[in-house]
Amino acid sequence: MSHWNPRFEEMPAAELDRLQYRLAKTLVYRLYAFSPFYHARMREAGVHPDDVRSLEDVRKLPFMYKADLRDNYPDRLFTVPHEELVRYHVSSGTTGKPTVVGYTQKDIELWTESLARALTSIGLSRGDVIQVSYGYGLFTGGLGLHYGAERIGATVLPTSVGNTERQIELMQDLGATAISCTPSYLLHIGEVAEKMGINLGRDTSLRTGILGAEPWSEEMRRHIQEWLGIRAYDIYGTSELSGPMFTECAEQHGIHIWRDLALIEVIDPETGESLQPGERGELVITMLQKEALPICRYRIGDLSSILADDCACGRAHPRIERITGRVDDMLIIRGINVFPSQIEHVLLGLPEVGEHFQIVVDRQGTLDDMLVRVEVRKEAFSDKIADLMAIQKRVADRLKSVLNVAVRVELVEPGSLPRFEGKSKRVIDRRVL
Amino acid sequence: MAANEFIIRQISVFSENRPGRLAAIAHALEEERVNIFAFSIAEASGFGVVRALVDQPDRAHARLTQDGFNVAFTDVIAVRMRDEPGGLYEVARLLGEAGINIEYSYAYSGPAGAVLILRVDRPEEAIAKIRGAGKELISSAAFT
């Protein structure tokens, strides 16, 4: 079975347009009536629900920002009575107060439905054993995947994060066929397995990775697929949307966003103007059926684009390209925008160095100084200083040509850079501004 | 091949240039009861290469690799020099006149005499020249 819910997944584009418009219209009326916050914001923007007369008119609606969720901590944006809530998730507040997300029964149901469609679209079904190595608890990853996987009848192995050797033993003993975790944690699992003398491709039943919660790249996908002998799929979502919700289909070419659940736009993060398919910018998401914490034109801070071509799988649900960075992860080095994902991209193209890296930004006098620390691979190690300095120079030259800013490169011992089991924290910014 | 007995396997270790790295290498070798005959550190910005002639190169290689170090074997040769002014000049001139490039070298001088350890671009030819000039090369067996 390739479609979990053929009625929606096979719906033609014109019908989806009508459905999406009806859902958006309903959402706006509901927000205007039940969300004092969004009501006020619409009044400020001079927009009334009656002004939304087509799908395009959604663009007239005001944005919601991450700061709105923090400022209304913990529950002032909820639009249902508390007894309607069946769960809370709380996202870690890396930049201030945490964000609390409440869920009604229907919110959980649609989140699960979205993942059931997604997991089915990559070929998972009853009979698969899905190891959920996302954290369980306040973080949405673990429980989200757990419910989605159970819904399609797969067997869940809820290992959560950590205790990696045990994860590998269980993966072998219980025949896990798929794993869901961050790409950096899967790389860590691969390294630990190798030390244990286990090759994941050869010695386990693993053949699918559902990877996300941090930016990664096509090169990293190729590396994971070749090294671990699995197929790796991108998954996308954040707690504000409910959690991880959307994945690529078997085509591995863009993440399908179910149009009956979400309306996706891409805007220029500077001007707020709408961008065309194929143009990269900030994602703006409207959750069309979410009840407890409505999300309307939410500026999520992730950078991506809507793919312009149709998917070979035939679904008329739009796809976004993999997330290429965060608007707020962006480092400004001597006035130039630098994204950590660009650095990863360069390093994956250089066989002499590993894919782990650390960025240290400092200020020398009035000038920003950026240092990138990379591990020399065993195969590339030469006893000659000149060879090592040539590697250092090659990395620095490639980084400079891609980033348009000069970077210092430091070679470090293999295995010495921190590995992350959650979201990667690869940037140390020591600038005192 | 007769020349091969004079080619010595040197251990080379990549090391970050920060406190404690040499101690970590030396401690590992101590635990493996590996003795070091000669040793040098080459340094560049932020990193260095520790090179050593040891009595049990395979054991040293295995242990340091297990400890996560980048380790390689490199072929070097060791020439006995006169331990008096002009001793180094004799050897260096010999190689220079033969057009053999010295990539790096280090030396030790003790009661048993002075020894120059050389990494050259053409080791077989260097061995022939040095032996042809009547200089003594130390065989790899002497280190084990």
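Q: Helices here are DSSP runs, H or I, of at least four residues, numbered from the N terminus. With that settled for this predicted model, which residue just after α8(A) takes a positive phi?
A: That's G197(A), and its phi is about 80°.

Q: What makes the span of α8(A) close to the expected one?
A: Helix α8(A) covers residues 183-195, so 13 residues in all, and the expected span is 1.5 Å times one less than the number of residues. That expectation comes out at 18 Å, and the helix reaches 19 Å from its first C-alpha to its last.

Q: Which residues of α8(A) are buried, and what covers them?
A: The buried ones are P183(A), S184(A), Y185(A), L186(A), L187(A), I189(A), G190(A) and A193(A). Their cover includes α7 (164-173), β6 (178-181), α9 (200-203), β7 (208-212) and α10 (218-228) of chain A.

Q: Why is α8(A) called roughly parallel to α10(A)?
A: The two helices pack at an angle of about 30°, with their axes 11 Å apart. Angles under 35 degrees count as roughly parallel, so this pair gets that label. The crossing is left-handed.

Q: Which residues meet where α8(A) packs on α10(A)?
A: From α8(A) you have P183(A), L186(A) and G190(A), and from α10(A) you have M220(A), I224(A), W227(A) and L228(A). By class, that contact has six nonpolar, one polar and no charged residues.

Q: What makes α11(A) and α12(A) oblique to each other?
A: Helix α11(A), residues 340-348, packs on α12(A) at an angle of about 135°, with the axes 10 Å apart. Roughly antiparallel would need an angle over 145, and roughly perpendicular runs from 65 to 115. The angle of this pair fits neither, so the two helices are oblique.

Q: In which hand does α11(A) pass α12(A), and which residues meet there?
A: The crossing is right-handed. Q342(A), I343(A) and V346(A) of α11(A) meet R398(A), L399(A), V402(A) and L403(A) of α12(A). Sorted by class, the contact has five nonpolar, one polar and one charged residues.

Q: How many residues does each chain put into the contact between A and B?
A: Chain A gives 14 residues and chain B gives 16. On chain A's side, α12 (385-403) and β20 (408-412) each supply at least two residues. That side of chain A has eight nonpolar, one polar and five charged residues.

Q: How do you know that E375(A) is buried?
A: Count C-beta neighbours: E375(A) has 23 inside 10 Å. The cut-off for buried is 20 or more, so E375(A) qualifies. E375(A) lies in strand β19, residues 367-376, of chain A.

Q: What does E375(A) touch, leaving out residues up to four places away in sequence?
A: E375(A) touches V353(A), G354(A), H356(A), V412(A), E413(A), P414(A), S416(A) and L417(A). Take P414(A): it is 39 residues from E375(A) in sequence, yet the two are 5.0 Å apart in space, C-alpha to C-alpha.

Q: Why is L55(A) called partly exposed?
A: L55(A) has 16 other C-beta atoms within 10 Å. Buried takes 20 or more and exposed takes 12 or fewer, so L55(A) falls in between. You'll find L55(A) in the loop between α3 (36-45) and β1 (64-65) of chain A.

Q: Which residues is L55(A) in contact with, leaving aside neighbours within four places in sequence?
A: They are D17(A), Q20(A), Y21(A) and A24(A). L55(A) and A24(A) are 31 residues apart in sequence and 7.6 Å apart in space, C-alpha to C-alpha.

Conventions: Residues numbered from 1 in each chain as written. Chains lettered and ligands numbered in written order. Predicted model: local features only at pLDDT ≥ 70, side-chain atom pairs only at ≥ 80, totals over all residues. Contact = placed C-beta atoms within 7 Å. Nonpolar A, V, L, I, M, F, W, Y, C, P; charged D, E, K, R; others polar. Axes fitted to C-alpha atoms, helices over the stretch in contact; angles between N-to-C directions. Left-handed = near helix turned anticlockwise from the far one by under 90°.
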